[in-house]
Amino acid sequence: MNDIALKANNITKYFHTPQKFQVLKEISFDVKKGEFVSLVGKSGSGKSTLLYVLSTMDTDFEGGLEIESQDLIGQHQNRLAAFRNKHIGFVFQFHYLLPDFTALDNVMLPALKLGEKSKQEIEANAYKNLELLGLPEQALKPANKLSGGQQQRVAIARALINEPSIIMGDEPTGNLDSKNTEIVFDIFKQLAEERGQTIIAVTHDDEFAAKSDRILELSDGELVG
Amino acid sequence: MIRSTNLKVAFAHLTSRVKQALVAVLSVTFGISMYIFMNSFMTGVNDTQTELAFSTLAHIKIYNDLPEDRSNILQNVYETKLINVRNAKVIQYTEGIRNSQPIIEQIEKVPEVTGVTSQVNMSVYFRNGSTKFNGQLSGVNAKKENEMFGTATSMKFGVWEDIDRRKDGLILGSGLANKLGVDMDDNVTVSTADGITKSYRVIGIIETSMANIDNSKAYININTARQLESKNQGYATDIQVNLIDYDDANELAERIGQNVDYKVESWIEANGQLEAGNELRNYIAIAVSLTILLVAGFGIYNIMNMTVNEKIKEIAILKAMGFEGGDIIQIFLVQSIIIGILGGLVGMIFGFGVASIINQVPFEIASIDTLPMAFRTVDYVSAFVFGMITTIAAGFLPARTASLVDPVSIIRG
């Protein structure tokens, strides 16, 4: 059995404005299934850029990218969107919930889009996810009525709804206090260990990184550790 | 297929910005109601105009036209030579329609025909003592004439049908009566082109509100007119035909013309200016109303663009979660379509209201009492259809912009 979740092969990327600049320099690495990986590095080291390349949202790069043994190079945008929908969950620094929807609706949205389960099932799963994140009472509140920490947890519940093989976080705790940071970290840890979901998170938080399974450090677009 | 998830997002967008959505709906409402009003008004004007015109004009007229100009037939044989025929004349061998009855019977069998009547028209001099005016004398069958043109309703004094009973009776146009200085029961002398002079009694005065008719026309019994011209019983100068639908006149004139040896002329051929006026007014209505719709379209475009800009982060996150470009287009297009449908429905009601109110505004010129207005389903349907087309077109561009949003650049800021 192949236990590689993600395979990056010689990823090179340039920024073209304001002038040509190499952000990522031949980056290659594998991530195993169920691994909790932190991407660290100074501002401008290219770690976020790398994450968006891995996320399939940024397709303007050279090199190879495989997730779940699927080659994602040269795929059409719509194919990639469908792939993200099924296989990748996102948690961003800002929650980016739809403010007019309730927490529950926000969580259900990616699953409704995927359309593999009935609405009742999705709703039950969404409740389960909100419970996992300690938010069952907030389910029917509009997203913009929740606190920052609650919103970020709803965003995580949303990232989990389609049971993606990989969860990607762009500074998922960057906006949270230490207590909420701990909650989020514990959830990630639990997901990786109990459900075997792969976590790749960009972080500035050394403590957060230190507790993860593996640290990938970037410096000036190169993988240094 | 519109996905219910996309519908849900679209509804959330609309309901979160009720005010803006309402403004957009109002702009469509305005556009569509004005479209309906303009077109109803123009159609009303056209119909009134046509109705006025048809109060004296038949849909099809049959008469004895001048023969073709054959004064120089030799030229056709000797094409290379110059042939000069001196003092050439076009000779009309027959005058009028000698035996109109068989033609009338034949035309009455055509199912699209609603009325046929024959007339004996001539140019005459009307005299009263030393005052003398030339004008048109029309020998008519009063009953049939009234059935076709409603002439009796224009009578100012006297009774129209008296023409059928009184062989010595004359009905004068009101302007002509004025000019001649005659009143009811006075005598008027009529002189024909052939020099025959006869005296008739004024038994009625007619006012059609069309000056050229009121100032120059008079009616007598058709048989009296035949006598005056020394013609036989079946004689007529014109046969007038009315149809169920006057728009069919050209086609029917051609059909009837195949079986009749005389000139069969539709009103469209004879009165190009009427048709041109109608057409031009229609063009004005279309131009104005489409312009209004276009402005409404810009309103929607503007508001949808604002929405897209406002929701750009949501769009980015939807795309990150796996929504495709097509889903995003659906989300925003659905909003435009909802705005269009709401605005269209309200606009149709509002347009009907405006048209009804304007239809009550007094306008007392000629035989009109209020501003004319037509209420035709086709105007409402086409307003709705054009409204929807405008809405979809105006909504599509912002929707496309939204679908092309690059999630990375938005999320990373």
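In the predicted model, chain B is divided into two domains, with domain 1 covering residues 4–53 and 275–412 and domain 2 covering residues 60–66 and 94–268. The C-alpha centres of domain 1 and domain 2 of chain B are separated by 52 Å. The secondary structure of chain B consists of 16 helices and ten strands. For its 413 residues the globule rule gives 22 Å, whereas the radius of gyration of chain B is 33 Å, well over that value, so chain B is more spread out than a compact globule. Along the principal axes, the C-alpha trace of chain B extends over about 105 × 65 × 40 Å. Of the 413 residues in chain B, 41% are buried. Among the contacts in chain B with a separation of 6 or more, 79% are between residues 24 or more positions apart.

Chain A contains seven helices and ten strands. Its radius of gyration, 17 Å, is close to the 17 Å given by the globule rule for 225 residues, and chain A is therefore as compact as a globular protein of that length. The box filled by the C-alpha atoms of chain A, taken along the principal axes, is roughly 50 × 40 × 35 Å. Buried residues account for 48% of the 225 residues in chain A. When contacts in chain A between residues at least 6 apart in sequence are considered, 72% of them join residues at least 24 apart.

Within chain A, helix α5 comprises residues 148–160. At 1.5 Å a residue, these 13 residues should span 18 Å, and the end C-alpha atoms of the helix are 19 Å apart, which agrees. Ten of the 13 residues of α5(A) are buried, so the helix is largely enclosed by the rest of the structure. The buried set consists of A:Gln151, A:Gln152, A:Arg153, A:Val154, A:Ala155, A:Ile156, A:Ala157, A:Arg158, A:Ala159 and A:Leu160. These buried residues pack against two strands of chain A, β6 (88–91) and β7 (166–170), and against the helices α3, α4 (119–132) and α6 (178–195) of chain A.

The largest nonpolar core has 121 residues, of which A:Leu39 and A:Ile200 touch the most other members. Helix α2 of chain B (residues 18–53) supplies the largest share of this core, twelve residues. Apart from its neighbours within four places in sequence, A:Leu39 is in contact with A:Ile200 and also with A:Lys47, A:Leu50, A:Leu51, A:Ala201, A:Val202, A:Leu216 and A:Leu218. A second core of 47 residues is separate from the largest one, and includes B:Ile107, B:Met148, B:Ile163 and B:Val264.

Between the two chains, 20 residues of chain A are in contact with 17 residues of chain B. On the side of chain A that touches chain B, the elements giving two or more residues are α1 (47–54), α2 (77–87) and α3 (103–114) of chain A. The most is given by α2(A), with six residues. Sorted by class, this side of chain A has twelve nonpolar residues, together with four polar and four charged residues. Helix α3 of chain A thus appears twice in this account, since it gives residues to the side that touches chain B and is also packed against by buried residues of α5(A).

How values were computed: Residues are numbered from 1 along each chain as its sequence is written. Chains are lettered from A and ligands numbered from 1 in the order in which they are written. This is a predicted model: local features need pLDDT of at least 70, side-chain atom pairs count only at pLDDT 80 or more; totals for chains, interfaces and linings use all residues. Two residues are in contact if their C-beta atoms, placed from the backbone, lie within 7 Å. Helices (H or I, at least four residues) and strands (E, at least two) are DSSP runs, numbered from the N terminus. Ala, Val, Leu, Ile, Met, Phe, Trp, Tyr, Cys and Pro count as nonpolar, Asp, Glu, Lys and Arg as charged, and the others, Gly among them, as polar. Domain bounds come from an automatic or database domain assignment. The expected span of a helix is 1.5 Å times one less than its number of residues. A residue is buried if 20 or more other C-beta atoms lie within 10 Å of its own, exposed if 12 or fewer, and partly exposed in between; C-beta atoms are placed from the backbone. A nonpolar core is a set of buried Ala, Val, Leu, Ile, Met, Phe, Trp, Tyr and Cys residues joined through C-beta atoms within 7 Å. The radius of gyration is taken over C-alpha atoms; the globule rule is 2.2 Å times the number of residues to the power 0.38.
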